[in-house]
Amino acid sequence: MSRLSLEQVKLYLGKVPGWKLVEDRMALSRTYNCRDFATAIGFVNRVAELLEPDSQHVEIHLNGGMVTFTLATREAKGLTGKDFALAQTISKVS
């Protein structure tokens with residue numbers, strides 16, 4: 001899958017509400033605030049089940065009840081359509 005241009009990325013951002021562009025990394029990021037650590041772990045586990053085949057695209061940061069997902073395609077050194085599809089999948093779990 002080919003890397004999206006910055007213009008394409010900005011256009012596609014409208015399809016993934018709540019996600020933001022991390023321009024210096026050319027990645028998508030979103031933080032979810034869960035009620036507590038156990039709830040955050042459960043959320044991460046539900047997402048992990050869905051994303052297992054695509055796990056190389058997902059970086060997960062867990063801090064107490066906050067979970068941040070960062071998406072990028074390493075091989076493309078940026079964002080592809082696959083990253084936006086993964087963002088939509090994660091958003092459906094929340």
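## A helix and what it packs against

The buried residues of helix α2 pack against β2, β3, β4 and α3. This is a predicted model, in which local features need pLDDT of at least 70 and side-chain atom pairs count only at pLDDT 80 or more, while totals for chains, interfaces and linings use all residues. Residues are numbered from 1 along each chain as its sequence is written, and side-chain values use heavy atoms, with hydrogens and water left out.

A few terms will help along the way. Helices (H or I, at least four residues) and strands (E, at least two) are DSSP runs, numbered from the N terminus. Buried means under 20% relative accessible area, exposed means over 50%, and partly exposed is in between, with a 1.4 Å probe and protein chains only. Residues are in contact when they have heavy atoms within 4.5 Å.

### Helix α2

Let us start with the helix itself. The 15 residues of α2 should span 21 Å at 1.5 Å a residue, and its end C-alpha atoms are 21 Å apart, which agrees; the expected span is 1.5 Å times one less than the number of residues. Buried in α2 are Ala 40, Phe 43, Val 44, Val 47 and Leu 51. These residues cover an arc of only 100° around the axis, so they sit on the same side of α2; the arc is that of the directions from the helix axis to the C-beta atoms. An α-helix has 3.6 residues a turn, so residues three or four places apart point the same way. The exposed residues Ala 38 and Glu 49 are carried on the face of α2 turned away from its buried side.

At the N-terminal end, α2 is capped by Asp 36, with a side-chain oxygen 3.4 Å from the backbone nitrogen of Ala 38. Further along, Ala 40 counts as buried because its relative accessibility is 0%. Ala 40 touches Cys 34, Leu 62, Gly 64, Gly 65 and Val 67, leaving aside neighbours within four places in sequence. The C-alpha atoms of Ala 40 and Gly 65 are separated by 5.3 Å, although the two are 25 residues apart along the chain.

### The hairpin

Gly 64 leads us to a hairpin. Strands β3 (residues 58-63) and β4 (residues 66-71) pair in the antiparallel sense over 6 bridges; two strands pair if DSSP finds at least two bridges between them. Glu 59 has Thr 70 of β4 as its bridge partner. Between the two strands of this hairpin there are 2 residues, and Gly 64 takes a positive phi near 65°.

### The core and helix α3

The largest nonpolar core holds 24 residues, and Trp 19, Phe 43, Phe 69, Leu 71 and Ile 90 have the most contacts inside it. At least two residues of this core come from each of β2 (27-33), α2 (37-51), β4 and α3 (81-93). Such a core is a set of buried Ala, Val, Leu, Ile, Met, Phe, Trp, Tyr and Cys residues joined through side-chain atoms within 4.5 Å.

Leu 71 shows how these parts meet: beyond neighbours within four places in sequence, its contacts include Trp 19, Leu 28, Val 58, Leu 86 and Ile 90.

Helix α3 has 13 residues and reaches 19 Å from its first C-alpha to its last, close to the 18 Å expected at 1.5 Å a residue. Its buried residues are Asp 83, Phe 84, Leu 86, Ala 87, Ile 90 and Val 93. Among the elements covering them are α1, β2, α2, β3 and β4.

### Some residues outside these two helices

Here are four of them, with their places and relative accessibility.

| Residue | Place | Relative accessibility | Class |
|---|---|---|---|
| Val 9 | helix α1 (residues 6-12) | 0% | buried |
| Met 26 | loop between β1 (20-22) and β2 | 17% | buried |
| Thr 73 | loop between β4 and α3 | 5% | buried |
| Lys 77 | loop between β4 and α3 | 67% | exposed |

Val 9 touches Leu 4, Leu 21, Met 26, Leu 79 and Phe 84, not counting residues up to four places away in sequence. Met 26 has a phi near 50°, a positive value in a residue other than glycine. Lys 77 also is a residue other than glycine with a positive phi, near 55°.

The side chain of Thr 73 makes a polar contact with the side chain of Asp 83 (2.6 Å). A polar contact is a pair of N or O atoms within 3.5 Å; within protein, one must be able to donate a hydrogen and the other to accept it, and residues adjacent in sequence count only if both atoms are side-chain atoms. Not counting residues up to four places away in sequence, Thr 73 touches His 57, Gly 78, Thr 80 and Asp 83.
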